[in-house]
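Colleague: I would like to go through this model before I plan any bench work. Could we take it by question and answer?

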Amino acid sequence: MNHVPTVGSVVALALLILGYARRNQHLKHVGLELLFVIAVLTLPVYVSGVAAHRELRAVKEVSDDAIRIHQDVALFGFAWMEFAGFIAWVALWQWRRRGAAARGLVPVATALLIVSLAVMGRAANLGGEIRHPEIRAADAAASTPGDPKRFVQYSINQTAVYSRWIWPAAEAVHFLGLSLSFGVLLAVNLRILGVMKQVPFADVHRLLPWGMLGFGANLVTGMFFFVGQPAQYVESNPFYWKVIFLVIAGANFLYLTVFGKAWRDGDHDRFTANVGDKAMALLSLTAWLGVLYAGRMLPFLGRSF
Amino acid sequence: MLESIETSQLALWLRESPSVWAFPTVLTLHTIGLAVLIGASWVLDLRLLGVGRHVPLSAFRWVFPAVAVGLVINLVTGVLLFIKNATVWGVALPFFVKMALVVASVATLLPIRAIVLRGGEEGRDVGSNARLLAVASILTWSAAVTAGRLLAYLVV
């Protein structure tokens, strides 16, 4: 599972480069789709890494600093990966609408993928050192416990704990973001379920970037909560349900973005969904309700506050 | 009066029951209702502001029943959340600020609804009044959510 982001990004990168080399748009498209999926899957990997950290603390031979450095690098890798995934998504969205992404967008996504891959590679390396202390022996002298302030995670944690207003402000943004995402997904899925039948699918597809805006706001604020107070979440079962629902919702978001059937006869086709499409729409709404339910129940079914 | 509400059986159950079906479920439903209510109104506000401008306004009639569902859920759960700690909420200024913002937000929906219905089946034109209402709706809902979220820090 931990290898999904690194291995998956290498495959996505290979597809994109091959797409350039062979001037094959199809390969590039698949590369972008894979990149988006990897960006979604990086979330559970990052979360499980933080959970593993807490377990490893009990193990004596493992240097706490080594883990902290790994986590900081992993956090950067995660951020770059989400950024790359976002650009890939924008490219796919435009591709669906205009038959091509804006000039430069795919190269930017590729470049961001290379950066996140480099950072991830470093995180994987440092992670390997945690698990296999023998590789580290030579550097052992360098890992004297240092000033915790140099760790990004520590700074975020201090801000989360000591700032009086940042946490409440982030909570408010998180609720605004969830309303926006949910509203957009409600509209798009209702269209598939047969409400607004007279509206071409292209017109509800137009709303997806607004859903992405809400989702992005919630990813940033949500990661702030998680990195700021990881203990609240890693020991909380509903948090894992929430992450699973988020992965389903993310995959579905990609599906709605590239969904080809509704476009077959041009933008003005009055697409009618079949049973499979409707099942997908219901799954999407269920996943979003699951995210809301598990998220709001965190303090009650789990141990967050 | 507030005290007798707070000491009622229902309030007692909401406050003290360890069941997830008591306070936690009420609070979660309040969040789900919020998402439906505000999400649906925002989608219409976006249309009024020009997102998908060639879609007839009549396509957005579903927004009003959705808003109604969200509103009913949140009225019921909101009343339950109120009676749970009636003596606290009944005298808390931030709570009344939030209520005023909710009322203002719902108030923007009534003229918006009239505009959508007036347009008939094919109406697409959005005047400057409607755009202004859409901006007002987005802002008042944002303020209401923010105020509601902050209640947890300012009051309880």
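**Domains, core and chain contact**

Modeller: The C-alpha centres of domain 1 of chain A and domain 2 of chain A lie 20 Å apart, with domain bounds taken from an automatic or database domain assignment. This is a predicted model, in which local features need pLDDT of at least 70 and side-chain atom pairs count only at pLDDT 80 or more, while totals for chains, interfaces and linings use all residues. Residues are numbered from 1 along each chain as its sequence is written, and chains are lettered from A and ligands numbered from 1 in the order in which they are written.

Colleague: Into which domains is chain A divided?

Modeller: The helices here are DSSP runs of H or I with at least four residues, and strands are runs of E with at least two, numbered from the N terminus. Chain A has 12 helices and 0 strands. The division of chain A is into domain 1 (1-141) and domain 2 (147-305).

Colleague: How many residues of domain 1 of chain A are in contact with domain 2 of chain A?

Modeller: Two residues are in contact if their C-beta atoms, placed from the backbone, lie within 7 Å. On that basis, 22 residues of domain 2 of chain A are met by a set from domain 1 of chain A that numbers 22 residues.

Colleague: Which helices of chain A each supply at least two residues of the side of domain 1 that touches domain 2, and what kinds of residue make up that side?

Modeller: The helices are α2 (25-56) and α3 (64-98) of chain A. Ala, Val, Leu, Ile, Met, Phe, Trp, Tyr, Cys and Pro count as nonpolar, Asp, Glu, Lys and Arg as charged, and the others, Gly among them, as polar. The residues on this side of domain 1 of chain A divide into 14 nonpolar, 1 polar and 7 charged.

Colleague: Which residues have the most contacts inside the largest nonpolar core?

Modeller: A nonpolar core is a set of buried Ala, Val, Leu, Ile, Met, Phe, Trp, Tyr and Cys residues joined through C-beta atoms within 7 Å. Buried means 20 or more other C-beta atoms within 10 Å of a residue's own, exposed means 12 or fewer, and partly exposed is in between, with C-beta atoms placed from the backbone. The largest nonpolar core has 111 residues, and those with the most contacts inside it are Leu35(A), Ala84(A), Ala88(A) and Ala109(A).

Colleague: Where does this core lie?

Modeller: Both domain 1 (1-141) and domain 2 (147-305) of chain A give residues to this core, so it lies between them.

Colleague: Which residues is Leu35(A) in contact with, leaving aside its neighbours within four places in sequence?

Modeller: Leu35(A) is among the residues with the most contacts inside the core. Leaving those neighbours aside, its partners are Ala12(A), Ala84(A), Gly85(A), Ala88(A), Ala109(A) and Leu113(A).

Colleague: How far apart are the end C-alpha atoms of helix α6 of chain A?

Modeller: Helix α6 of chain A covers residues 166-193, which is 28 residues. The expected span of a helix is 1.5 Å times one less than its number of residues, so α6 of chain A should span 40 Å. The end C-alpha atoms agree with this, being apart by 40 Å.

Colleague: How many residues of α6(A) are buried?

Modeller: α6(A) is mostly covered. Of its 28 residues, the buried ones number 21.

Colleague: How many residues does each chain give to the contact between chain A and chain B, and which helix gives the largest share on the side of chain A?

Modeller: The contact takes 29 residues from chain A and 26 residues from chain B. On the side of chain A, α6, α11 (275-296) and α12 (298-301) each supply at least two residues. The largest share, 14 residues, comes from α6(A).

Colleague: What kinds of residue make up the side of chain A that touches chain B?

Modeller: That side of chain A divides into 22 nonpolar, 3 polar and 4 charged.

Colleague: Is Met196(A) buried or exposed?

Modeller: Met196(A) lies in the loop between α6 and α7 (201-205) of chain A, and its phi is near 60 degrees, a positive value in a residue other than glycine. Most residues other than glycine have a negative phi. With 22 other C-beta atoms within 10 Å, Met196(A) is buried.

Colleague: And is Arg23(A) buried or exposed?

Modeller: Arg23(A), in the loop between α1 (4-21) and α2 of chain A, has a positive phi of about 50 degrees although it is not a glycine. Since 8 other C-beta atoms lie within 10 Å, Arg23(A) is exposed.

Colleague: What share of the residues of chain B count as buried?

Modeller: The secondary structure of chain B comes to 7 helices and 0 strands. Along its principal axes the C-alpha trace of chain B spans about 55 × 30 × 25 Å. Of the 156 residues of chain B, the share that counts as buried is 36%.
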